[in-house]
Amino acid sequence: MWDYTDKVLELFYNPQNQGAIEETGEAGVKVAMGEIGSIACGDALRLHLKVEVESDKILDARFQTFGCTSAIASSSALTEMVKGLTLDEALKVSNKEIADYLGGLPEAKMHCSVMGQEALEAAIYNYRGIALPTHDDDDEGALICSCFGITEAKIRRVVVENHLTDAEQVTNYVKAGGGCGSCLANIDDIIREVKEKAAVPALNNHSVGVAQSHQQLQKPLTNVQRIALIQKVLDEEVRPVLIADGGDVELYDVEGDKVKVILQGACGSCSSSTATLKIAIEARLQDRVSKNLVVEAVTP
């Protein structure tokens, strides 16, 4: 069961501003609507804004949501947050601010706050008669996750804005990688590129002492330290994901760069066990421990 804050539960059981806003022909007022997501993907949000034309101020905001507890609470929070703001002020509302308004969201539910931010942006762009900025026709906007229709540009944006560090977090924020999993390696590559670009100016400003400290951190691990780190990564980053899908993994042995594991539960009989080994386990261990590690499943 997800650990929701009291504010999330309050807005789930008693959502504020639920419903639609219809055009009534009222002088000096226009209604805008933005829609994000799809029922087929599990979450969908339609956001309605009532705008005073002269001042660009949002007089009212309402929502219609198909989704989970977090989706409903995030949508309700968003409508409360934007009332009284101008459209330009509303465009500055971030998904993090939506989550903070709720006292936080479970990491796996952060995509609900992102959906609210995107619906708000869509409504405002529709009101202004401007096409939403997309990059689907150029290399930067190449489609990465075909299961959820997520482009490279969107992944890069959410990684930068939310300081994400691994593919699992990207899945939590925009669902990319949460379907067949074939795009997880590409997501890792994007994160790595973002980190490298961010590291360049940081390295230029490092003092000699910081550089020396960095070198110390890069000292080779002892065998005991490496095995302990492998176990830690499995316990904290891999097993929770597998357990959520009815599977599990146990560290069996480490021989040099070969990591032997036992796949359990649903993972043991899954036809995609090879993908689990390479994507969910091996790639994560290579990133966290050593790029030379190779993972194989064994039967005890």
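**Exercise 1. Work out how α2 passes α5, and describe the packing of the two helices.**

Start with the handedness: in this predicted model, the crossing of α2 over α5 is right-handed.

Next, get the geometry. Helix α2 covers residues 69-82, and its axis lies 8 Å from that of α5, at an angle of about 40°. That angle makes α2 oblique to α5.

Now pick out who touches whom. On the α2 side you'll find S70, A71, S74, L78 and V82, and they meet C112, S113, M115, G116 and L120 of α5.

Finally, sort the residues by class. The α2–α5 contact has six nonpolar residues, four polar ones and no charged ones.

**Exercise 2. Do the same for α5 and α6: find the angle, the handedness and the residues in contact.**

Begin with the axes. Helix α5 (residues 110-127) and helix α6 (residues 152-162) have axes 13 Å apart, and the angle is about 115°. So α5 counts as roughly perpendicular to α6, since the roughly perpendicular class runs from 65 to 115 degrees.

Then check the hand: α5 and α6 cross in the right-handed sense.

On to the contact itself. From α5 come V114, Q117 and E118, while α6 brings K154, R157, V158 and E161.

Tally the classes to finish: two nonpolar, one polar and four charged residues make up the α5–α6 contact.

**Exercise 3. Take the β2–β3 hairpin apart: how do its strands pair, and what happens in the turn?**

First, the pairing. Strand β2 takes in residues 43-52 and strand β3 residues 57-66; they run antiparallel and share nine bridges.

For a handle on the register, look at L47, which sits opposite F63 of β3.

Last, the turn. Four residues separate β2 from β3 in this hairpin, and D56 in the turn has a positive phi of about 65°.

**Exercise 4. Build up the sheet that holds β6, β7 and β8, starting from its hairpin.**

Step one is the β6–β7 pair. Strand β6 (residues 247-255) and strand β7 (residues 258-265) are antiparallel, with eight bridges between them.

Step two is the register. E250 has I262 in β7 as its bridge partner, and D248 is partnered by Q264 in β7.

Step three is the connection. The hairpin of β6 and β7 has two residues between its strands, and G256 there adopts a positive phi near 65°.

Step four adds the third strand. The sheet is open, its order is β6-β7-β8, and its pairing is mixed. β6 and β8 (294-297) are the edge strands with a single partner each, so each has one side without a neighbour in the sheet.

Step five is the twist: ignoring direction, neighbouring strands in this sheet turn by 30° against each other on average.

**Exercise 5. Decide which stretches to flag for low confidence.**

Take the chain as a whole to begin with. Mean pLDDT is 81, and 83% of the residues reach 70 or more.

Then look for the dips. Residues 134-140 stay under 50 in pLDDT, and the model gives them eight contacts beyond four places in sequence. Residues 206-217 are below 50 too, with zero contacts beyond near neighbours in sequence.

Technical notes
Residues numbered from 1 in each chain as written. Predicted model: local features only at pLDDT ≥ 70, side-chain atom pairs only at ≥ 80, totals over all residues. Heavy atoms only, no water. Axes fitted to C-alpha atoms, helices over the stretch in contact; angles between N-to-C directions. Parallel < 35°, antiparallel > 145°, perpendicular 65-115°, else oblique. Left-handed = near helix turned anticlockwise from the far one by under 90°. Contact = heavy atoms within 4.5 Å. Nonpolar A, V, L, I, M, F, W, Y, C, P; charged D, E, K, R; others polar. Pairing = 2+ DSSP bridges. pLDDT = per-residue confidence, 0-100.
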